[in-house]
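Welcome to a short tour of charged partners and a helix. Take a moment to look over the sequence and the 3D picture before reading on.

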Amino acid sequence: EFSLLAALAVLVVMVPGAQALWLMRVRDFRTVLLAPAVGIGLLGLLTFIAAPIGGWSWVYPTGLIALLLAAMILQRARERGRATSTAVAGEAVLRGRSSKATLLWAAAGVSVFVAAYMPVFVATVIDPGLPQTLNLADAAFHLTGAKLVADTGDVSPLTALAEVRTPVAATGVYYPVLWHAFVALLIPLSSVGTATNAAIVAVGLVFWPISLSALSVSLTRSAPSAAFWAPMLAVTSSLFPGSILFRWSMDPFGMSVPLVASALAVMIWWQRGRQEGAATSRPLLICFALIFVGAIAAQPSTALLIAVIPLVTLVSALAWSGINAVRRGAWVRSALSGGTILVLVIVGAVAVKAATRLSYVQSLGSFQRAQLGYWGSLYELARGGPTYPQTATSFLPWAVICVVGAVWAIWSLRSQAGWIFSGTALAFLLIYMASSGPDNVFRLLTGPWYKDYTRLAVFVIALV
């Protein structure tokens, strides 16, 4: 029963995601590798549509799947009538790569990830049972919230969980309910505890490694095996999903984590496709928008991190253009690129200064959390995140991977895609360090993440 429930949790996200990608003519291995992120985005969009209507149930996702299927049939008939080829997704960006081989490598990587983490899941979540799980404040809240959504059908982020939230912030304050809406779909088929565990398996053991495969493949042009190595290496860090989902029950945040890797992969593919004239470059922007919507519905603080990616892409494009202009001796164009970057930096600094004066930002930044210090944060990162291994040498494999990843990030600066990746990794690293450093203006701005260096470490580790 549990296996079928977990499979259903995977399918209710991946099927509409794959359908949407097919309709956007993204019809290679990316149809599968991006399906979880796009599917979460569509599910989040459904919750926003259902919020004023009410009655959240299987009617919404099944209706969406039926609607997308009808659109696929119509588009297929239209393409046949025009005698046009549908295999357009592999042009330019993915030249010389076998979609079938990439999917096989990705399946192998996900299988290794599941095999490595399933015993941890059983020992941490299944064996202790629901009574032990309820001792955790976050777990009890999210279990109650999912049951409330299932009973009332209310998925409004302003009112759905008002009954179980604190009186101070009960109504009128945005609280993401995508996770609870996701679990609520499964509750009629089983208990709330089993439904939650099935959702955890779908997000942590399937969507997460698939998103890592998408990111690793986007960074390479001729290595389908990259889809295998990223999930396999991710096993070396126990932070996600081990600590975040299994132990600490940060469920809404956990649902948003795979979206970041997928969003970065989409932006890299878009940049390469735009340069090489691929027909699927524009639809990828729609994918990015859907992923962003999914992050807002799942965990808005993660949406802020995703918003960093296009900003880094803009700056990297200007820097890349300026460097190429210098090489060609086009000093005027180089000066324009450098001046634009300087203007962006100044505008950013002014915006940060103005943001720190807002009472809302100050209230978020008032959250109290212990400091690690800048050097301490880097040390914890080298340990695989603030997970505190039992022995002094148990984190050495991860430390080696960190060093290799950092070296590769520098080496990858030979291409603009490498600039996007390395720039995003650097931005996430600086945000992570700011959250763990002394209480100053930089740490104040990490209030949307509760100054929680543990959850921010997930994204840095993922890119490494």
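A salt bridge here is a side-chain nitrogen of Lys or Arg within 4 Å of a carboxyl oxygen of Asp or Glu. Keep in mind that the model is a predicted one. Side chains of opposite charge can pair when their charged atoms come close. By the 4 Å rule, the count comes to 7 salt bridges.

**Charged partners**

Three of these pairs are listed here, with their N to O distances.

| Basic partner | Acidic partner | N to O distance |
|---|---|---|
| R25 | E79 | 3.9 Å |
| R443 | D439 | 3.0 Å |
| K451 | D439 | 3.7 Å |

Let us begin with R25 and E79, whose side chains meet at 3.9 Å. What does this pair tie together? R25 sits in the loop between α1 (2–23) and α2 (30–33), while E79 belongs to helix α4 (residues 59–82), so the salt bridge links parts that are 54 residues apart in sequence. The two partners can also be described by their exposure to the surroundings. R25 is partly exposed, at 29% relative accessible area, whereas E79 has 8% relative accessibility and counts as buried.

Now move along the chain to D439, which forms a salt bridge with R443 and another with K451. K451 lies in the loop between α20 (441–444) and α21 (453–463), and D439 in the loop between α19 (416–436) and α20, so their pairing ties together parts that are 12 residues apart in sequence. Are these residues buried or partly exposed? R443 is buried, with 0% relative accessibility, and K451 is buried too, at 5%. D439, in contrast, is partly exposed, with a relative accessible area of 49%.

Salt bridges can also share partners, and in this way R25, R27 and E79 are joined into one network.

**A look at helix α13**

How far apart are the end C-alpha atoms of helix α13? This helix covers residues 281–298, and at 1.5 Å a residue its 18 residues should span 26 Å; the end C-alpha atoms are indeed 26 Å apart, so the two values agree.

Several residues of α13 are buried, among them L284, F288, L290 and I291. Which helices do the buried residues of α13 pack against? Their neighbours are α1, α2, α3 (35–53), α8 (178–186), α12 (251–276) and α14 (300–328).

Key: Residues are numbered from 1 along each chain as its sequence is written. This is a predicted model: local features need pLDDT of at least 70, side-chain atom pairs count only at pLDDT 80 or more; totals for chains, interfaces and linings use all residues. Side-chain values use heavy atoms; hydrogens and water are left out. Helices (H or I, at least four residues) and strands (E, at least two) are DSSP runs, numbered from the N terminus. Buried means under 20% relative accessible area, exposed over 50%, partly exposed in between (1.4 Å probe, protein chains only). The expected span of a helix is 1.5 Å times one less than its number of residues. Contact means heavy atoms within 4.5 Å.
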